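This report walks through one protein model, from its overall layout to single residues. Please keep the sequence and the 3D view at hand while reading.

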Amino acid sequence: MKIIYNITTAFFILSFSFFYFYGDHTESKSVHKFYRMEEVSQHNSATSCWIVIKNQIFDVTDYNQDHPAPPDVILKWCGKESTAAFNTKDQKKGKPHSKFATQILPEFYIGDLQIN
Ligand code: HEM
């Protein structure tokens, strides 16, 4: 009886591990949402702030309070095309954001810009 129990348990553990390691975890990421600029431009305030960087849209509403600059620095760009602002930190002799900033940016990605 014990052997049957052991075989059944081993079977379940092996099946679970197989699906866990080889299963397709990318399904949800492959679905792209597209938004038109008219829609993006409505998210232009502290209560909903979307910015466009290289035709990708980021919802930075919740990030704004963690951003290490005064809130109006990002607020000015809500609902707008912000690639240059992000690349220069919106300063004349602008320096790009750090590697860290570029790494956390994808956390806020919500979709792509519908161009046509
Ligand atoms: C497009 C609008 C944005 C503007 C104008 C802007 C501007 C700035 C400014 C003025 C600073 C502080 C000065 C400095 O550290 O040199 C700063 C720092 C920083 N920003 Fe932004 N920022 C924007 C968007 C973002 C976004 C979307 C993220 C990340 C999701 C981000 C992440 C950071 C980080 C991590 C820092 C600390 C310094 C660094 O790592 O480069 N910023 N930003």
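## Strands, core and ligand shell

In the predicted model described here, residue I53 has Q56 as its bridge partner in β4. That bridge belongs to the pairing of β3 with β4, two strands that run antiparallel and are joined by four bridges. The two strands form a hairpin with two residues between them, and within this hairpin K54 takes a positive phi near 50 degrees.

To place this hairpin in the whole, it helps to step back. The protein contains five helices and six strands, and when read from the N terminus its elements follow the order α-β-α-β-β-β-α-β-α-α-β. Of its 116 residues, 13% count as buried. Among the contacts with a separation of 6 or more, 65% are between residues 24 or more positions apart.

### How the strands pair

The pairings can be set side by side, each with one pair of bridge partners.

| Strands | Sense | Bridges | One pair of bridge partners |
|---|---|---|---|
| β1 (34–35) and β6 (109–113) | parallel | two | Y35 and L113 |
| β2 (44–45) and β3 | antiparallel | two | S45 and S48 |
| β3 and β4 | antiparallel | four | I53 and Q56 |
| β3 and β5 (80–81) | parallel | two | V52 and E81 |
| β4 (56–59) and β6 | antiparallel | three | I57 and G111 |

Following the table, β3 pairs with β2 in the antiparallel sense, with β4 in the antiparallel sense, and with β5 in the parallel sense. Strand β6, in turn, pairs with β1 in the parallel sense, while its pairing with β4 is antiparallel. The strands β2 and β3 also form a hairpin, again with two residues between them.

### The nonpolar core

Is β3 mostly covered or mostly open? Five of the six residues of β3 are buried, and the strand is therefore mostly covered, given that a residue counts as buried when 20 or more other C-beta atoms lie within 10 Å of its own. The largest nonpolar core of the protein has 13 residues, and those with the most contacts inside it are C49, W50, I51 and F58. Both β3 (48–53) and β4 supply at least two residues of this core, and β3 gives the most, with five residues.

One of these residues, F58, can be followed further. Leaving aside its neighbours within four places in sequence, F58 is in contact with W50, I51 and I53, and also with L105, F108, Y109 and I110.

### Residues in loops

Most residues other than glycine have a negative phi. Against that background two lysines deserve attention. K54, in the loop between β3 and β4, has a positive phi of about 50 degrees although it is not a glycine. K89, in the loop between α4 and α5, likewise is not a glycine but has a positive phi, of about 55 degrees.

Why does K54 count as exposed? K54 counts as exposed because it has 11 C-beta neighbours inside 10 Å, and the limit for an exposed residue is 12 or fewer. K89 counts as partly exposed because it has 14 such neighbours inside 10 Å.

A third lysine, K33, is found in the loop between α1 (2–22) and β1. With 10 C-beta neighbours inside 10 Å, K33 counts as exposed. Leaving aside its neighbours within four places in sequence, K33 is in contact with I110 and G111. The C-alpha atoms of K33 and I57 are separated by 9.6 Å, and these two residues are 24 residues apart along the chain.

### Around the ligand

Which residues come nearest to the ligand? Of the 22 residues around it, those that come nearest are A69, K89, D90, S98 and A101. K89 is thus a residue that appears both here and among the loop residues with a positive phi.

By class, this shell is made up of 16 nonpolar, four polar and two charged residues. The helices α3 (72–75), α4 (83–88) and α5 (99–104) each supply at least two residues of the shell, and the largest share, three residues, comes from α5.

Methods: Residues are numbered from 1 along each chain as its sequence is written. This is a predicted model: local features need pLDDT of at least 70, side-chain atom pairs count only at pLDDT 80 or more; totals for chains, interfaces and linings use all residues. A residue is near a molecule or strand if its C-beta atom, placed from the backbone, lies within 6 Å of it. Ala, Val, Leu, Ile, Met, Phe, Trp, Tyr, Cys and Pro count as nonpolar, Asp, Glu, Lys and Arg as charged, and the others, Gly among them, as polar. Two strands pair if DSSP finds at least two bridges between them. Two residues are in contact if their C-beta atoms, placed from the backbone, lie within 7 Å. A nonpolar core is a set of buried Ala, Val, Leu, Ile, Met, Phe, Trp, Tyr and Cys residues joined through C-beta atoms within 7 Å.
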